[in-house]
Number of protein chains: 2
Amino acid sequence: GLRTRPLAVDDAGARTQDLAGPVGAGAGAVLLTPAHQFPTGAALTPARRAAAVDWARSTGALIVEDDYDGEFRYDGQSVGALQGLDPDRVVYLGTASKSLAPGLRMGWMVVPPGLLDEVVAAKGRTDWTSSAVDQLTLAEFIRSGAYDRHVRGMRLRYRRRRDELVAAVSGRVAVSGIAAGLHAVLDLPAGTEAAALRSAAWQDLAVVPLSFFAHPDARLPRREALVVGYGTPPTSAWSATLAALLAALP
Amino acid sequence: GLRTRPLAVDDAGARTQDLAGPVGAGAGAVLLTPAHQFPTGAALTPARRAAAVDWARSTGALIVEDDYDGEFRYDGQSVGALQGLDPDRVVYLGTASKSLAPGLRMGWMVVPPGLLDEVVAAKGRTDWTSSAVDQLTLAEFIRSGAYDRHVRGMRLRYRRRRDELVAAVSGRVAVSGIAAGLHAVLDLPAGTEAAALRSAAWQDLAVVPLSFFAHPDARLPRREALVVGYGTPPTSAWSATLAALLAALP
């Protein structure tokens with residue numbers, strides 16, 4: 001298998017300027033979530049986008065852009081795909097997991113032209129279970145414009161949820177990563193994370209500590225925080241779920 | 001990967017009595033198509049079923065029963081699953097590829113209870129793309145009885161096609177393997193296979209020589225024969241497809 005190294009992340013997203021240093025030396029590719037860093041939620045700044053592309057061009061490496069929730073941007077202008085900066089060096093990944101349902105198991109790639117044959121061959125060798133019916137249905141759904149209408153409608157609903165979440169926790173915990181996507185990060189007072197997680201689990205809430213997503217080799221300052229997804233509850237359960245979350249917070 | 005050895009096949013199906021000899025020595029499993037040997041089309045006889053189960057019991061090996069088209073049996077009594085003889089030693093595989101459509105990429109397994117956890121874990125590690133929506137839809141389709149009605153209706157239509165195929169080639173070539181399934185084997189006069197294949201390809205017919213399916217290590221007498229699937233053409237194209245096949249035969 002492949003081995004990975006941790007690239008540091010701060011408030012402006014992944015520190016792609018570090019790629020010119022030891023972390024990028026000899027690496028064949030970097031995996032980024034430019035639209036909405038997972039899990040912290042920052043959008044990668046233009047300077048850091050340029051740094052990533054410069055590194056890829058000078059080393060011959062690839063950038064894998066995982067745009068897992070870029071459809072759901074709530075504030076200000078839309079953030080373009082990094083892939084547009086250099087279609088020959090960036091592999092773009094999109095997915096229906098957030099915009100439709102994870103159970104569909106469908107996504108899409110925009111691949112540098114020179115890699116296309118290799119990618120198709122590799123997928124053909126390993127993937128025998130992608131439903132042709134679902135793929136044709138999704139293609140028709142997109143072509144007809146219904147997918148875009150669905151995303152626009154869901155964006156309004158998710159933004160309302162996000163606003164309600166932010167209002168509900170306001171004054172109790174700091175919330176961040178909320179300009180896009182279907183999750184937020186709630187920073188907790190020191191020493192309260194474990195109890196909050198126990199309480200959330202007790203109420204059947206699937207919240208996860210931020211530290212869960214850290215690379216095993218990353219040396220990070222301790223940060224007590226919860227990653228809270230707000231896309232999953234059905235409409236009828238949303239208010240009760242939000243109340244349960246509030247009850248779990250310190 | 002796994003290595004395989006060829007088990008001989010004759011008019012009564014796979015020669016499972018040979019498993020007690022060198023071909024079965026040290027083997028962990030045997031793959032059989034008991035309902036309709038692929039590609040020759042024989043149904044495995046009761047004596048050979050018993051021989052396979054005896055071998056599996058005495059050696060601790062597994063039998064993998066690939067029931068790829070058992071829904072479509074046209075003549076006489078239905079042939080039971082080998083799995084019923086020993087559910088602890090037989091892994092049963094079914095599929096929607098023939099009964100509904102190969103593009104669904106769905107099948108099912110009946111697994112010995114002691115293997116279930118291992119099989120689920122292995123599938124979870126390697127298969128991330130099976131559509132949950134399609135699985136739930138198929139489950140509902142089966143539960144409602146609509147799947148059985150569909151299979152019964154298609155069985156009549158496929159039997160009619162088979163009868164038309166047999167009548168059309170009658171007196172020109174010998175046809176076999178036709179008690180079930182969606183394909184037949186047409187034996188050709190010596191020296192005519194290559195020309196028939198060229199002619200079929202020229203007419204855009206996807207017929208395949210029987211020898212294509214031989215195990216690389218099998219030492220088989222030369223048999224010139226075509227494997228002809230009759231399930232694929234849409235109803236509107238069936239007559240023209242049959243005429244094209246007749247034109248391709250010697």
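These legends go with a set of close-up views of a predicted model.

**View 1. The two domains of chain A.**
Start with the split: the domain assignment cuts chain A into domain 1, residues 9-143, and domain 2, residues 153-248. Taken over C-alpha atoms, their centres sit 25 Å apart. The contact list pairs 13 residues from domain 1 of chain A with 19 residues from domain 2 of chain A. The size of an interface is often given as the accessible area lost when the parts come together. Here, domain 1 and domain 2 of chain A bury about 1500 Å² between them, and carbon and sulfur atoms account for 61% of that. On the domain 1 side of chain A, the residues that lose the most area to domain 2 are Pro39(A), Phe72(A) and Tyr74(A). Together these three make up 45% of what that side buries.

**View 2. A salt bridge between Asp75(A) and Arg162(A).**
Zoom in on the side chains of Asp75(A) and Arg162(A), which meet in a salt bridge with an N to O distance of 2.7 Å. Asp75(A) has a number that falls within domain 1 (9-143), while Arg162(A) belongs to the range of domain 2 (153-248). As for the interface of these two domains of chain A, the rule finds 1 salt bridge across it.

**View 3. The cis peptide bond at Pro39, in both chains.**
Most residues other than glycine have a negative phi, and most peptide bonds are trans. The bond from Phe38(A) to Pro39(A) is cis, with omega near 5 degrees. Pro39(A) lies in a loop of chain A, after strand S3 (29-32) and before helix H1 (46-59). Now look at chain B: Phe38(B) and Pro39(B) are also joined by a cis peptide bond, and omega is about 5 degrees. Pro39(B) is placed in the loop between strand S3 (29-32) and helix H1 (46-59) of chain B. Back in chain A, Pro39(A) is also one of the residues of domain 1 that lose the most area to domain 2.

**View 4. A nonpolar patch of phenylalanines on chain A.**
Which residues make up this patch on the surface? They are Phe38(A), Phe212(A) and Phe213(A), with about 300 Å² of accessible area together. Phe38(A) is the residue that leads into the cis bond to Pro39(A). Phe213(A) comes from the loop between strand S9 (208-209) and strand S10 (225-229) of chain A. With a relative accessibility of 33%, Phe213(A) counts as partly exposed.

**View 5. Two residues with positive phi.**
Neither residue in this view is a glycine. Arg105(A) has a phi near 55 degrees. Its place is the loop that links strand S5 (90-95) to strand S6 (107-110) in chain A. Arg105(A) has 29% relative accessibility, so this residue counts as partly exposed. Over in chain B, Asp204(B) has a positive phi of about 65 degrees. Asp204(B) is found in the loop between helix H5 (193-202) and strand S9 (208-209) of chain B. Is Asp204(B) buried or exposed? Asp204(B) is exposed, at a relative accessible area of 72%.

**View 6. Arg48(A) and Asp10(A).**
Side chains of opposite charge can pair when their charged atoms come close. By the rule used, there are 18 salt bridges over all chains. One of them brings Arg48(A) and Asp10(A) together, with N to O at 2.7 Å. Arg48(A) lies in helix H1 of chain A and Asp10(A) in strand S1 (residues 9-10), so this pair ties together parts that are 38 residues apart in sequence. Arg48(A) counts as buried at 10% relative accessibility, whereas Asp10(A) is partly exposed at 26%.

**View 7. Asp10(B) and its partners, plus the network in chain A.**
Asp10(B) meets Arg15(B) in a salt bridge, 3.4 Å from N to O. Both ends are partly exposed: Asp10(B) has a relative accessible area of 26%, and Arg15(B) has 28%. Asp10(B) also forms a salt bridge with Arg48(B), at 2.7 Å. Because Asp10(B) lies in strand S1 (residues 9-10) and Arg48(B) in helix H1 of chain B, this pair ties together parts 38 residues apart in sequence. Arg48(B) is buried, with a relative accessible area of 10%. In chain A, salt bridges that share partners join Asp10(A), Arg15(A), Asp18(A) and Arg48(A) into one network.

Definitions and conventions: Residues are numbered from 1 along each chain as its sequence is written. Chains are lettered from A and ligands numbered from 1 in the order in which they are written. This is a predicted model: local features need pLDDT of at least 70, side-chain atom pairs count only at pLDDT 80 or more; totals for chains, interfaces and linings use all residues. Side-chain values use heavy atoms; hydrogens and water are left out. Patches are made of residues with over 30% relative accessible area and no salt bridge: like charges are joined within 9 Å, nonpolar side chains (Val, Leu, Ile, Met, Phe, Trp, Tyr) within 5 Å. Accessible areas come from the Shrake-Rupley method with a 1.4 Å probe; for residues, only the protein chains shown count as cover. A salt bridge is a side-chain nitrogen of Lys or Arg within 4 Å of a carboxyl oxygen of Asp or Glu. Helices (H or I, at least four residues) and strands (E, at least two) are DSSP runs, numbered from the N terminus. Buried means under 20% relative accessible area, exposed over 50%, partly exposed in between (1.4 Å probe, protein chains only). Domain bounds come from an automatic or database domain assignment. Contact means heavy atoms within 4.5 Å. Buried area is the accessible area (1.4 Å probe) that two parts lose on being put together, summed over both.
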